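Let's take a walk through a protein chain together, one stop at a time. Keep the picture beside you and look for each place as it comes up.

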Amino acid sequence: LHALPACLLQGRGGHRGPSGTRHSLANAFCPTVAAAAYYPSSLHPDWTSTEESDPAPFLRAPPSRCRSAFSAPMAPVRHASAARAAPAMATLAEIKADSGVTAPLGYFDPLSLMTNPAQLEKYSLYKESEIKHGRVAMLAAPGFLIAEKFHPLFGGNVDAPSILAFQQTPLQTIWPIVLLVIGAIEGYSSVSTYKDPSTAAWSIKEDHLAGDLGMFGGAKQAKSNPAGYKALATKEINNGRLAMMAIAGMVVQELVFHVKL
């Protein structure tokens, strides 16, 4: 506001700019005051001008902008984040140091997928898929065993190997509802995980933390304690891998022998 009277000077005196026009102190302050009046956030250091080649065009604005600035809003400014490039995809060195890489196998890529740039771009999708399948398997493996010993639902009459138990429950008659519940869970997790499928199908958002559903503070812990978060993530991934092998073995065994475990 102290610069407001300068708007009335109409460019007397001052210095000559790069374009050959003469500018005064009023030319420097006046558009700035107008911007503060209409767009206070435009003076925030995280905002940039509309002309990227000119770091501060308002310092060379003609006096006419000063007179019209208070009668009409100034041109919108673009937030700096809009001009930032998307984060680069993970490098092979970063993948080798990522969570889940543990002894005795260490970095395990027998098919050398990550040496292919096209496959390297899909690393985040592969990791997200592994974590999700591991979580499902960690629920399925103990459930497979417990249901054969403790089955109070549906009157306690379901007494069969877990691989066949589904056929003896009313669930097979309400299959659409089962699919609806599964779809709701998948839809909720997919919104925060995947990009818009119309523009980038099966692509993970750049700012997404693998496996994070936004419910248990994973992103916060990853920032505050990266080493601790990596250790926990590695434990989850390894337990998920074990569970996937376990449930696969249980299913195959019951399909072959048709008896409870």
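The paragraphs below go from the overall layout to a few local details.

Before we set off, please remember that this is a predicted model. The chain has 261 residues, and 25% of them count as buried. Its regular elements are ten helices and two strands. If you follow the sequence from its beginning, you meet the pattern β-β-α-α-α-α-α-α-α-α-α-α. In other words, two strands come before the helices.

Let's now look inside. How many cavities of 30 Å³ or more does a search of the whole structure find? The search finds one, and the volume of the largest cavity is about 30 Å³. Its lining is made of Glu-130, Ile-131, Gly-134, Arg-135, Met-138, Glu-236, Ile-237 and Gly-240. Two helices, H6 (123–149) and H10, each bring at least two residues to this lining. Helix H6 gives the largest share, with five residues. By character, the lining divides into three nonpolar, two polar and three charged residues.

Helix H6 also takes part in some charge pairing, our next topic. Side chains of opposite charge can pair when their charged atoms come close. The structure holds six salt bridges, and we can visit some of them. One joins Lys-127 to Asp-98, with 2.8 Å between the closest N and O atoms. Lys-127 sits in helix H6 and Asp-98 in the loop between H4 and H5, so this pair links distant parts of the chain, 29 residues apart. Is Lys-127 buried or exposed? Lys-127 has a relative accessible area of 11%, and because the cut-off for buried is under 20%, Lys-127 counts as buried.

A salt bridge also connects Glu-186 and Lys-132, whose closest N and O atoms are 3.2 Å apart. This pair, too, links distant parts of the chain: Glu-186 belongs to helix H8 (residues 175–191) and Lys-132 to helix H6, 54 residues apart. Glu-186 is partly exposed, with a relative accessible area of 37%. Lys-132 is partly exposed as well, at 25%.

For another pair, find Glu-206 and Lys-195, which form a salt bridge with the closest N and O atoms 2.7 Å apart. Both residues lie in the loop between H8 and helix H9 (218–224), so the bridge ties together parts that are eleven residues apart in sequence. Glu-206 is partly exposed, with a relative accessible area of 42%, and Lys-195 is partly exposed at 27%.

Now for the backbone, where a general habit is worth knowing. Most residues other than glycine have a negative phi, and most peptide bonds are trans. Where does this chain depart from that habit? The peptide bond from Ala-103 to Pro-104 is cis, with omega near 5°. Pro-104 is in the loop between helix H4 (92–96) and helix H5 (117–120). Ser-112 can be found in the loop between H4 and H5 too. Although Ser-112 is not a glycine, it has a positive phi of about 55°. Its relative accessibility is 38%, so Ser-112 counts as partly exposed. His-258 is not a glycine either, yet it has a positive phi of about 55°. You will find His-258 in the segment after H10.

That brings us to helix H10 and the end of our walk. Tyr-229 is found in this helix. With a relative accessibility of 18%, Tyr-229 counts as buried. Tyr-229 and Ala-219 are ten residues apart in sequence, and their C-alpha atoms are 9.1 Å apart in space.

Further along, look at the surface. Which residues form a nonpolar patch there? They are Val-252, Leu-255, Val-256, Phe-257 and Val-259, and together they have about 490 Å² of accessible area. Leu-255, one of these residues, lies in helix H10 (residues 226–257). Leu-255 counts as partly exposed because its relative accessibility is 48%, and the cut-off for exposed is over 50%. So helix H10 supplies residues to the lining of the cavity and also holds Leu-255 of the surface patch.

Conventions:
Residues numbered from 1 in each chain as written. Predicted model: local features only at pLDDT ≥ 70, side-chain atom pairs only at ≥ 80, totals over all residues. Heavy atoms only, no water. Patch = residues over 30% accessible without salt bridge, like charges linked within 9 Å, V, L, I, M, F, W, Y side chains within 5 Å. Areas by Shrake-Rupley, 256 points an atom, 1.4 Å probe, with all protein chains shown as cover. Salt bridge = Lys/Arg side-chain N within 4 Å of Asp/Glu carboxyl O. Helix = DSSP H or I, 4+ residues; strand = E, 2+ residues; numbered from the N terminus. Buried < 20%, exposed > 50% of the residue type's maximum accessible area, 1.4 Å probe, protein only. 1 Å grid on protein atoms, 1.4 Å probe; cavity = no way out; pocket = protein on both sides within 12 Å on 5 of 7 lines; lining within 4 Å. Points joined across faces, edges and corners; volume = space filled by probe spheres on them. Nonpolar A, V, L, I, M, F, W, Y, C, P; charged D, E, K, R; others polar.
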